[in-house]
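Reader: I would like to go through this structure feature by feature. Please give the general idea each time, then the case at hand.

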Amino acid sequence: RALPAAAAEAIRATAGAIATGIERTPGWSARSAASLADPTLIDLIDARAAELPATVRHAVRPPETSAGAAIVSGLPLHDGELGPTPRDWRQAAAWSGEAEHRHASFELDLAMLLLARSAGEPFGWEGQQNGRLVNNIVPSPGHEHEQSGASSTTLLSPHTEDAFHPQRAHLLMLGCLRNPDLIGTTVPSVRQVDLDARQRG
């Protein structure tokens, strides 16, 4: 699914306008940007997502394929906007709130929130990246061989996101910002698993 150019530009422009405007809001701080949990910000995301073109909501509708996944392309992004790769998710979150490191990080967090709000209701787990509504998955030194989002040299085993919780998300969004080695993402679907009677029992 390709976002029409006008819709994609509207997402980036809206995210940019929110980022610029909210920094002038009384009580707004770097900590608010790092957590993305400020009620004023959430209200703005709700209101501004509703103003986006209908083609945005159409692009992020639930997948209709047997694989249960869809690729949405077309959001404008240039590597030069991003700056250096942070060493871990904590640094990535902190940089969203620090003007000297921010680059486009905060604005891209807002773009992801706008897309997520167009698809449903974003939420986070308190125990997962401190409840941040947009998780940052980055390769972290010392974690290269782990089965986690911080690894970089090992193939992750198939898994279900947030399988521990009975009210986990119905939709999961992954946004790739930088992939110089063109590493693919494997998405297996339980819809395509062939189980015998014993396994189903």
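Author: What follows covers one helix, its salt bridges, a buried serine and a surface patch. The model is predicted, so local features need pLDDT of at least 70 and side-chain atom pairs count only at pLDDT 80 or more, while totals for chains, interfaces and linings use all residues. Residues are numbered from 1 along each chain as its sequence is written, and side-chain values use heavy atoms, with hydrogens and water left out.

Reader: How many residues does helix α3 have, and what span does it reach?

Author: Helices are DSSP runs (H or I, at least four residues), numbered from the N terminus. The expected span is 1.5 Å times one less than the number of residues. Helix α3 (residues 39-51) has 13 residues and reaches 19 Å from its first C-alpha to its last, close to the expected 18 Å.

Reader: Which residues of α3 are buried?

Author: Buried means under 20% relative accessible area, exposed over 50%, and partly exposed in between (1.4 Å probe, protein chains only). In α3 the buried residues are Leu41, Ile45 and Ala49. They lie on the same side of α3, because they cover an arc of only 65 degrees around the axis; the arc is that of the directions from the helix axis to the C-beta atoms. The buried residues of α3 pack against α1 (5-22), α4 (54-59) and α6. Pro39, Asp43, Ala50 and Glu51 are exposed on the face turned away from the buried side.

Reader: Which salt bridges involve α3, and how are they read?

Author: Side chains of opposite charge can pair when their charged atoms come close. The criterion is a side-chain nitrogen of Lys or Arg within 4 Å of a carboxyl oxygen of Asp or Glu. Asp46 and Arg117 meet in a salt bridge (2.6 Å, N to O). This pair links distant parts of the chain, Asp46 being in helix α3 and Arg117 in helix α6, 71 residues apart. Arg48 also forms a salt bridge, with Glu51, the closest N and O atoms being 2.8 Å apart. Arg48 and Glu51 are separated by about one helical turn, because they are three residues apart in helix α3.

Reader: Is Ser32 buried or exposed?

Author: Ser32, in helix α2 (residues 30-35), counts as buried because its relative accessibility is 10%. Contact means heavy atoms within 4.5 Å. Leaving aside neighbours within four places in sequence, Ser32 is in contact with Gly27, Ala37 and Asp38.

Reader: Which residues form the nonpolar patch on the surface?

Author: Val190, Val193 and Leu195 form this patch, with about 270 Å² of accessible area together. Val190 counts as exposed because its relative accessibility is 72%.

Key. Patch = residues over 30% accessible without salt bridge, like charges linked within 9 Å, V, L, I, M, F, W, Y side chains within 5 Å. Areas by Shrake-Rupley, 256 points an atom, 1.4 Å probe, with all protein chains shown as cover. Helix = DSSP H or I, 4+ residues; strand = E, 2+ residues; numbered from the N terminus.
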